[in-house]
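Me: Please give me a close look at one part of this structure, the sheet that a reader meets early in the chain. Then carry on to other places worth a stop.

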Amino acid sequence: MPQEYYTLGIHIGHDRGASIVKNGVLFAHLAQDRLDRIKHSEFPDIPFETIDALLNYCGLKVTELAAVGVSYVNVEVDRFTPELKDIFCAYYNLQNIDFFGVSHHLAHALSTYYTSDFDRALLFIADGAGDAVGDKLEAESVFVADGEEIYEVEKRLHEVILDLPSRPFLYNYALMNETDRKKEISIAKKYEQFTNLLGFSHFQCGKTMGLSSYGRPMIDVRSYDFRGRGLSYSLRCQDLLDKIHDLKLASGLSYPDFVRRERANLASTVQAFVEHALIQIVADLRDRFNLENLCLAGGLFLNCVANHKLIEHALFKRVHIVPAAGDDGQSTGAAFGAYLQACGPPKRTSSSLPFLGLSHSSSSIRRSLENFNLKYRELEDLEMAQVLAMELGRGRVVGILRGRSEMGPRALCHRSILADSRRPDMKQHLNAHVKFREVFRPYAPVVTWEDQHKYFDLKQDSPFMLLAATVRPAYRDLLGAITHVDNTARVQAISREKDPFVHSLLREFEKLSGVPVLLNTSFNVAGEPIVETPHDAISTFLSTGIDVLALERFLVDKAQNTDRL
Ligand SMILES: [Fe+2]
């Protein structure tokens, strides 16, 4: 049998996690918050719980690893690597193991290039802040990948400022001191500033994006020019906020009243600004490096509205965004980095995406159901698809846990809550009884792969719910539950090859409804990580208004368990 090579990647910071690369291909990935149930799992410790779970799932011993890669955030990773190696070796009782530090933006770059199918690509990385470079932090980075060669061509730096959302002097112009006003910050940090101004935490930029569709930009963002200078543009802590401050003064309102009144317009302003900046910067890079393919990573590229506009306007032939574009994808880059060092160049393939987490056996599911004293039925796949489609068509809400959990923060029908995409009242029902979240946030659709362009004006295929496209006019009224106020939807398209069960469920739903489109939202309630285990799924099922639960081939109907609830 040919020798098999495995490397482990670890990320420490927020969104800790672990990944395993096997023979150059991403083989397994899990975010620690799926297990510890603390959203974003922000701790400075190695996530051993996740590492153990992945090694166990893959049937691997730590001694079978060729190497380990580790990434961190806001540090010079090489300064921490020896200490982390000692901790790792002590935990596993190892004398030694090849152990490499992988810097933050390089880890993002490796995570997206080696999960793409491209032979050559421009890699653009943008997040709140990456690793330390001297007394500054990485803001945006550009790499060129040509076959097995990857080299960094440009980097812009973020001047370190106290980074606490509870400190209003970081996002309120009136309270900023002169020194902080002039500091250079990343594009993603600009988005976070507005997110903080709106009263959300820096992990809640998605709320700002959802809210932005209800407003209009308050400033002409075209007055900011990013063309013709690569990454040597300036974006300061005060930019945009100084103009917002002028508008606030003219309004005669206090800051809280002004923000309350202009909430959606403030969100729309920063959204328009980021779209404008990204389109100009990336189009410029395309012209400079003359490459057809673009790979994106970093938390900024969880912004599915900006992503689709970038694809629309920046004119690359193909764009790939790794599903874990935020720091939950760091461990993937670290695993690829270790592979590069210890085993040679990884393969470039998207084939293993996105179902890379844990799956759960029938016996463990049965045990969990019995622990909760629930009545259940066991169904074959086709019958399960038919029953779920019928329940969905009746307006019932279905929780589903099947197969390996998905990589990244979007539920892609392996840990999802599904509902009828046609019912205009479904959004309110889910907000009030299932998800308990803000009324302004949209719900996303899942559609059969072959029908994605029929229903949505997508500029390229959308497998990972990272692109928000316009719902075609003929279907906007019909798909009322998933069409946002600006007529967009954040699309997941799924093929029969990638998931035959979900594909057949969509086809069964189409037989009843005329559309192979379901509403798909993450299987969690507001503020909690997505469920990972049958126990998590049953707990959420019982504590919310989900009507039916499908755990692999086990079906639980709340209506048939009223005597036990
Ligand atoms: Fe990052």
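Reply: Two strands count as a pair if DSSP finds at least two bridges between them. Keep in mind that the model is predicted.

Start with the sheet. Five strands form an open sheet, in the order β3-β2-β1-β4-β5. The pairing is mixed. At the edges sit β3 (25-31) and β5 (99-101), and each of these pairs on one side only. From one strand to the next, the twist averages 20°.

Now look at one edge. Strand β4 (residues 65-71) pairs with β5 in the parallel sense, over three bridges. Within β5, Phe 99 stands opposite Val 68. A helix joins the picture here. Helix α3 (residues 77-92) packs on the sheet and touches β1 (6-11), β4 and β5. The direction of α3 makes about 150° with that of β5.

Next, compare that edge with a strand from later in the chain. How many of the six residues of strand β19 (residues 517-522) are buried? Six of the six are, so β19 is largely enclosed by the rest of the structure. In a regular strand, side chains alternate between the two faces of the sheet. In β19, Val 517, Leu 519 and Thr 521 point one way. Leu 518, Asn 520 and Ser 522 point the other way. All of these are buried.

β19 has strand partners too. Strand β14 (residues 415-420) pairs with β19 in the antiparallel sense, over five bridges. Here Leu 519 of β19 is the bridge partner of Ala 419. Strand β15 (residues 444-448) also runs antiparallel to β19, and four bridges join them. Val 517 in β19 stands opposite Val 447.

Another buried spot is Ala 297, in strand β10 (residues 293-297). Why does Ala 297 count as buried? Its relative accessible area is 0%, and the cut-off for buried is under 20%. The residues that Ala 297 touches include His 108, Phe 124, Val 322 and Ala 325. Ala 297 and Tyr 114 are 183 residues apart in sequence, yet 12 Å apart in space, C-alpha to C-alpha.

Helix α17 (residues 534-543) has buried residues as well. They are Pro 534, Asp 536, Ala 537, Ile 538, Thr 540 and Phe 541. What covers them includes α1 (33-36), α12 (362-371), β13 (398-401), β20 (548-551) and β21 (554-557).

Now for charge. Side chains of opposite charge can pair when their charged atoms come close. The count comes to 41 salt bridges. One of them joins the side chains of Asp 381 and Arg 402, at 3.0 Å, N to O. This pair links distant parts of the chain, 21 residues apart. Asp 381 is in helix α13 (residues 381-393), and Arg 402 is in the loop between β13 and β14. Asp 381 is partly exposed, with a relative accessible area of 38%. Arg 402 is buried, at 11%.

A second salt bridge joins Arg 507 and Glu 450, with the closest N and O atoms 2.8 Å apart. These two are 57 residues apart in the chain. Arg 507 sits in helix α16 (residues 500-513), and Glu 450 in the loop between β15 and α15 (452-455). There is also a network of salt bridges, which links Glu 391, Arg 394, Arg 396 and Asp 557.

Which charged residue is buried yet has no salt bridge? Asp 284 is such a case. Asp 284 lies in helix α9 (residues 255-289). The nearest side chain of opposite charge is Arg 288, 5.3 Å away. A salt bridge needs the nitrogen within 4 Å of the carboxyl oxygen, so Arg 288 does not qualify. The side chain of Asp 284 does reach the backbone nitrogen of Gly 230, at 3.4 Å. Among the residues that Asp 284 touches are Arg 227, Gly 228 and Arg 229.

Finish with the backbone. Most residues other than glycine have a negative phi, and most peptide bonds are trans. Arg 37 has a phi near 65°, a positive value. His 40 has a positive phi too, near 75°. Arg 37 lies in the loop between α1 and α2 (48-58), and so does His 40. Arg 37 is partly exposed, with a relative accessible area of 28%, whereas His 40 is buried, at 17%. A cis peptide bond joins Leu 353 and Pro 354, with omega about -10°. Pro 354 lies in the loop between α11 (330-342) and α12.

Key: Residues numbered from 1 in each chain as written. Predicted model: local features only at pLDDT ≥ 70, side-chain atom pairs only at ≥ 80, totals over all residues. Heavy atoms only, no water. Axes fitted to C-alpha atoms, helices over the stretch in contact; angles between N-to-C directions. Contact = heavy atoms within 4.5 Å. Buried < 20%, exposed > 50% of the residue type's maximum accessible area, 1.4 Å probe, protein only. Lys, Arg positive; Asp, Glu negative; His and termini not counted. Polar contact = N/O pair within 3.5 Å; in protein donor to acceptor, adjacent residues only side chain to side chain. Lists of a residue's contacts leave out its neighbours within four places in sequence.
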